[in-house]
Amino acid sequence: MFLNKHKVETKNKINMNNIPKHIAIIMDGNGRWAKKRGLPRIYGHKAGIKTVKKVVKVCSDLSVKYLTLYAFSTENWKRPTDEVNGLMNLLIEYLSNEVDELNKKNVKVIFIGDLSKIPDKCNYEIFKAEEKTRNNTGLILNIAFNYSGRNDIINAVKKICDKVVSGQLKTSDINEDIINKNLYTYGQPDPDLILRSGGELRLSNFLIWQSAYSELWFSDVLWPDFNEDDLIEAIVEYQKRNRRFGGL
Ligand code: IPE
Ligand code: IPE
Ligand code: MG
């Protein structure tokens with residue numbers, strides 16, 4: 001159990017009866033981490049994968065049910081081609097190296113985002129990882145890849161319009177539940193806690209519908225330096241929040 005490896009006082013701070021069901025993370029700061037060391041940006045992304053492994057393990061050990069990781073946004077195509085290609089290759093490397101371990105941990109891998117625009121070799125690994133872990137019942141690991149919150153909503157609107165046009169649905173019946181059912185995250189609860197590393201204070205088009213009542217937590221720590229204790233600190237902070245959802 002990971003908790004043995006951590007400081008006793010940190011362990012004692014967590015209330016095991018109030019673990020967020022869904023944690024979503026904007027993994028930011030890889031490029032700056034590399035720059036600080038005089039390394040090419042891709043080394044920051046590589047180092048960031050180590051943090052991904054740590055965070056997946058902690059969430060799995062704490063019985064968090066859903067973990068959503070923002071790995072590539074639709075806006076990230078604006079970056080230099082070599083960085084984009086590097087990120088695609090790192091995805092392949094991560095999935096091919098980790099899928100057995102994830103499977104062993106009973107993790108179910110789901111990709112959210114527009115997968116029609118990414119290289120075939122990525123889609124092949126994604127398909128294999130999703131297939132292999134499809135029946136797992138532990139942590140659900142959503143990897144947001146070529147993801148955009150606005151596109152998520154646009155896609156949902158298109159699907160709903162098709163149903164209205166074909167007469168399966170009436171416009172007057174459209175409600176939050178129907179929108180939820182047509183998002184990439186259908187069937188999943190909204191994130192309880194969204195955290196962002198790397199010091200920026202924004203959502204950058206991440207889960208913009210689903211985050212309506214999420215608790216937000218920001219850290220200056222660059223993603224490759226982010227560790228188990230930082231995640232635990234975020235959860236402890238979350239547990240101190242008073243979630244009112246508009247009530248008293
Ligand atoms: C986040 O780190 C990873 C991706 C967006 C893929 P960045 O690459 O944005 O790192 P910074 O923000 O430039 O430091
Ligand atoms: C958000 O980080 C996207 C991911 C973490 C994948 P960015 O670095 O792309 O966000 P901005 O450009 O600073 O808003
Ligand atoms: Mg960034």
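# Two ligands, one predicted model

Visitor: Where does ligand 2 sit?
Guide: Ligand 2 takes up the space of the largest pocket. On a 1 Å grid over the protein atoms alone, a pocket is an open set of points where a 1.4 Å probe fits, with protein on both sides within 12 Å along at least five of seven lines. A molecule sits in one if more than half of its atoms lie within 2 Å of its grid points.

Visitor: Anything I should know about the model?
Guide: This is a predicted model, where local features need pLDDT of at least 70, side-chain atom pairs count only at pLDDT 80 or more, and totals for chains, interfaces and linings use all residues. Residues are numbered from 1 along each chain as its sequence is written, chains are lettered from A and ligands numbered from 1 in the order in which they are written, and side-chain values use heavy atoms, with hydrogens and water left out.

Visitor: Which residues surround ligand 2?
Guide: Among them are Ile26, Asp28, Tyr70, Phe72, Asn76, Arg79 and Ser204. To be near, a residue needs a heavy atom within 4 Å.

Visitor: What does the shell look like by class?
Guide: Five nonpolar, three polar and four charged residues. Strand 2 (residues 66-73) gives the most, with four residues; strands here are DSSP runs of E with at least two residues, and helices are runs of H or I with at least four, numbered from the N terminus.

Visitor: Which side chains have a polar atom by an oxygen of ligand 2?
Guide: Ser204 has a side-chain N or O atom 2.6 Å from a ligand 2 oxygen. For Asn76 that distance is 2.9 Å, and for Asp28 it's 3.2 Å. The protein covers 78% of the 390 Å² of accessible area that ligand 2 has on its own (Shrake-Rupley method, 1.4 Å probe).

Visitor: OK, switching to ligand 1. How many residues surround it?
Guide: 13, and the closest are Asp28, Gly31, Arg32, Arg41 and Arg79. By class, that shell has three nonpolar, five polar and five charged residues.

Visitor: What about distances to the oxygens of ligand 1?
Guide: On the backbone side, Gly31 has a polar atom 2.9 Å from a ligand 1 oxygen, and Arg32 has an N or O atom at 2.7 Å. Arg79 uses a polar side-chain atom, 2.6 Å from an oxygen of ligand 1. The protein covers 87% of the 380 Å² of accessible area that ligand 1 has on its own.

Visitor: Which element gives the most to the shell around ligand 1?
Guide: Helix 2, with three residues.

Definitions and conventions:
Polar contact = N/O pair within 3.5 Å; in protein donor to acceptor, adjacent residues only side chain to side chain. 1 Å grid on protein atoms, 1.4 Å probe; cavity = no way out; pocket = protein on both sides within 12 Å on 5 of 7 lines; lining within 4 Å. Nonpolar A, V, L, I, M, F, W, Y, C, P; charged D, E, K, R; others polar.
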